Amino acid sequence: MKDLWVGLKDVPLWTLIAATIVAVALWQITPLHSAVPNQYRAYIPLAAFALAVFTIARIANTIALTISARRRRRREWADLCLTKLYRPMIALFNERHLTSSSVILAPYLKNRVANAWEKLRRRRGIVRKIHSAWRALSDRRISTSAEMEYGSSFPLDQIKALVRFSPDCADGTLTSLVRRADRSRFEDQPQNFEVTKDEYALAEHIFAEHKRLSALTDR
């Protein structure tokens, strides 16, 4: 029995599926069933059942191995990104303290209704009017400002260097955020320890990705 199981494990999955289909056909289709010698007909249901069980087991094992391999690749990729990018980026904030404050400009429904009405008045086209007004009804207009409380200025140059040295680990989101943060320095001209909105968005992404990737490697 052990040798039989080892042999079935080495049989290609498509062969098991084909054998199962043939066994079921011999069992259920009368002309085929009649063509089988009488002394073997009693074993056809058992053979069909056994082949179906082995086929289902092989399919389940293949799915489990595929999922396991995918998870392993994700953990390896997460560990690589953490090592090359996100842990060094988080370390840049060890001696710097980023602080932020938020103000809700439309806290009440009446404020959001007024904003929606303003969108209806200014937008052109029925579809654009309705779409903009609908978004305004749920937009609380949260404005966030940030600054480096102590330590040093925002470490954008060091972050850019890390991304430049490990481009294989930098996805499109990170690259886009770095580009926008770099452009915001020239457009907004922050003073002293001020942090632009795009730099703050970059910092939030770094902390969020570090947390997400760390959770993947810990599984």
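**Close-up views of two pockets, a surface patch and a helix contact**

**View 1. The lining of the largest pocket divides into 1 nonpolar, 3 polar and 6 charged residues.** Welcome to the first stop in this predicted model. The charged group is made up of Lys119, Arg123, Arg128, Arg135, Asp139 and Arg141. Asn115, His131 and Ser132 are the polar members, and Ala136 is the nonpolar one. The volume of this pocket comes to about 190 Å³. Two helices, α6 (109-122) and α7 (126-138), each give two or more residues to the lining. If you want one helix to follow by eye, try α7, which gives the most, with 5 residues.

**View 2. The second largest pocket holds about 160 Å³ of space.** Its lining has 13 residues, and the closest to the pocket centre are Trp77, Cys81, Glu209, Arg212 and Leu213. Here the lining divides into 8 nonpolar and 5 charged residues, with no polar ones. Look for helices α5 (44-92) and α10 (197-217), as each supplies at least two lining residues. The most comes from α5, with 5 residues.

**View 3. Five isoleucines form a nonpolar patch on the surface.** They are Ile17, Ile21, Ile59, Ile63 and Ile67, and together they have about 410 Å² of accessible area. Helices α2 (13-28) and α5 each supply at least two residues of this patch. The largest share, 3 residues, comes from α5, the helix that also gives the most to the lining of the second largest pocket.

**View 4. A closer look at Ile59, a member of the nonpolar patch.** You will find this isoleucine in helix α5. Is Ile59 buried, partly exposed or exposed? Its relative accessibility is 35%, so Ile59 counts as partly exposed. The partly exposed class runs between the under 20% of buried residues and the over 50% of exposed ones.

**View 5. Thr217 and Asp79 are far apart in sequence, with their positions 138 residues apart, yet 6.2 Å apart in space.** That distance runs from C-alpha to C-alpha. Thr217 lies in helix α10, which also supplies at least two residues of the lining of the second largest pocket. With 23% relative accessibility, Thr217 counts as partly exposed, because buried would require a value under 20%.

Definitions and conventions
Residues are numbered from 1 along each chain as its sequence is written. This is a predicted model: local features need pLDDT of at least 70, side-chain atom pairs count only at pLDDT 80 or more; totals for chains, interfaces and linings use all residues. Side-chain values use heavy atoms; hydrogens and water are left out. On a 1 Å grid over the protein atoms alone, a cavity is a set of points where a 1.4 Å probe fits but cannot get out, and a pocket is an open set with protein on both sides within 12 Å along at least five of seven lines; lining residues have an atom within 4 Å of a point. Grid points are joined across faces, edges and corners, and a volume is the space filled by probe spheres set on the points. Helices (H or I, at least four residues) and strands (E, at least two) are DSSP runs, numbered from the N terminus. Patches are made of residues with over 30% relative accessible area and no salt bridge: like charges are joined within 9 Å, nonpolar side chains (Val, Leu, Ile, Met, Phe, Trp, Tyr) within 5 Å. Accessible areas come from the Shrake-Rupley method with a 1.4 Å probe; for residues, only the protein chains shown count as cover. A salt bridge is a side-chain nitrogen of Lys or Arg within 4 Å of a carboxyl oxygen of Asp or Glu. Buried means under 20% relative accessible area, exposed over 50%, partly exposed in between (1.4 Å probe, protein chains only).
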